Amino acid sequence: ELWETNRWASDVEFGRQMLNGVNPVVIRQISALPDNFPVTNEMVQGFLHSGTLEEQMEAGRVYLCDMKVLEGLPFREGYFSGVPLCLLYVNGNDQLVPIAIQLKQKPGEDNPIFLPTDGRNDWLLAKIYYQSAHL
């Protein structure tokens with residue numbers, strides 16, 4: 001039997017892949033959220049080991065992966081790639097984990113922000129969608 005057969009689906013593994021994957025240069029530490037990624041403290045409060053999102057950004061524990069570089073790239077007819085954003089957090093165990101994912105650059109009703117508290121499949125699909133654009 002394979003060790004941890006579902007490891008690939010975990011938030012910790014997602015964070016590990018952000019640092020050790022094919023494109024680790026897109027991750028950057030942030031002190032403020034970009035205007036096009038309206039994550040609120042209330043949305044992510046349950047994922048922070050202490051304090052507010054703003055306090056965690058000031059402490060250097062919040063990171064952003066923004067795939068804006070893909071915006072406007074041509075694709076073959078019938079193909080599409082999103083231009084997602086992913087907010088990551090260094091948790092109390094010093095593990096980098098995703099806490100919010102937005103699949104397109106422009107916020108709006110048709111572009112929700114996915115959170116780990118969303119349905120298991122919704123959160124997993126958001127991570128897969130991000131990873132597909134990240135490759």
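**Figure 1. D110 and K104 form a salt bridge with an exposed acid.** With a relative accessible area of 58%, D110 is exposed (over 50%; buried is under 20% and partly exposed lies in between, with a 1.4 Å probe and protein chains only). Its partner K104 is partly exposed at 32% relative accessibility. The closest N and O atoms of D110 and K104 are 3.4 Å apart, and the pair counts as a salt bridge (a side-chain nitrogen of Lys or Arg within 4 Å of a carboxyl oxygen of Asp or Glu). The structure holds four salt bridges, and two others appear in Figures 2 and 3. This is a predicted model, with residues numbered from 1 along each chain as its sequence is written. Local features need pLDDT of at least 70 and side-chain atom pairs pLDDT 80 or more, while totals for chains, interfaces and linings use all residues; side-chain values use heavy atoms, without hydrogens and water.

**Figure 2. R61 and D94 link distant parts of the chain.** The salt bridge between R61 and D94 has its closest N and O atoms 3.8 Å apart. R61 sits in the loop between α3 (53-58) and β2, whereas D94 sits in the loop between β3 and β4, 33 residues apart (helices, H or I with at least four residues, and strands, E with at least two, are DSSP runs numbered from the N terminus). The two partners differ in cover: R61 counts as buried at 18% relative accessibility, and D94 counts as exposed at 59%. The backbone of D94 also deserves a look, as its phi is near 60°, a positive value in a residue other than glycine. Most residues other than glycine have a negative phi. The loop that carries D94 runs between β3 (85-90) and β4 (96-102).

**Figure 3. E13 and R16 meet within helix α1.** E13 belongs to helix α1, residues 11-20. R16 lies in α1 too, three residues from E13, which is about one turn of the helix. Their side chains meet in a salt bridge of 2.7 Å, N to O. The 2.7 Å pair is also listed as a polar contact between the two side chains (N or O atoms within 3.5 Å, one able to donate a hydrogen and the other to accept it; residues adjacent in sequence count only if both atoms are side-chain atoms). Which partner is buried, and which is partly exposed? E13 is buried, with a relative accessible area of 9%, and R16 is partly exposed at 37%.

**Figure 4. Five strands make an open sheet.** Follow the strands in the order β1-β2-β3-β4-β5, with antiparallel pairing (strands pair if DSSP finds at least two bridges between them). At the edges are β1 (27-29) and β5 (113-114), each of which pairs on one side only. Strand β2, residues 62-66, runs antiparallel to β3 and is joined to it by five bridges. Two of the residue pairs to look for are L64 with L87 and D66 with L85.

**Figure 5. Strand β3 is mostly covered.** Six of the six residues of β3 are buried. L85, L87 and Y89 point one way from the strand, while C86, L88 and V90 point the other way. On to β4: six bridges join it to β3, and the two strands run antiparallel. C86 has I101 as its bridge partner in β4. β3 and β4 form a hairpin with five residues between them, and the turn includes D94 with its positive phi of about 60°.

**Figure 6. C65 and C86 stay unbonded.** How many disulfides does the structure hold? There are zero (a disulfide needs two cysteine sulfur atoms within 2.5 Å). For C65, the nearest cysteine sulfur is that of C86, 5.7 Å away. Looking from C86, the nearest cysteine sulfur is that of C65. C65 counts as buried at 0% relative accessibility, and C86 is likewise buried, with a relative accessible area of 0%.

**Figure 7. W8, L125 and I128 make a nonpolar surface patch.** The patch has an area of about 320 Å² (Shrake-Rupley method; patch residues have over 30% relative accessible area and no salt bridge, like charges being joined within 9 Å and nonpolar side chains, Val, Leu, Ile, Met, Phe, Trp or Tyr, within 5 Å). I128 is found in helix α4, residues 120-134. Its relative accessible area is 35%, so I128 is partly exposed.

Conventions. Areas by Shrake-Rupley, 256 points an atom, 1.4 Å probe, with all protein chains shown as cover.
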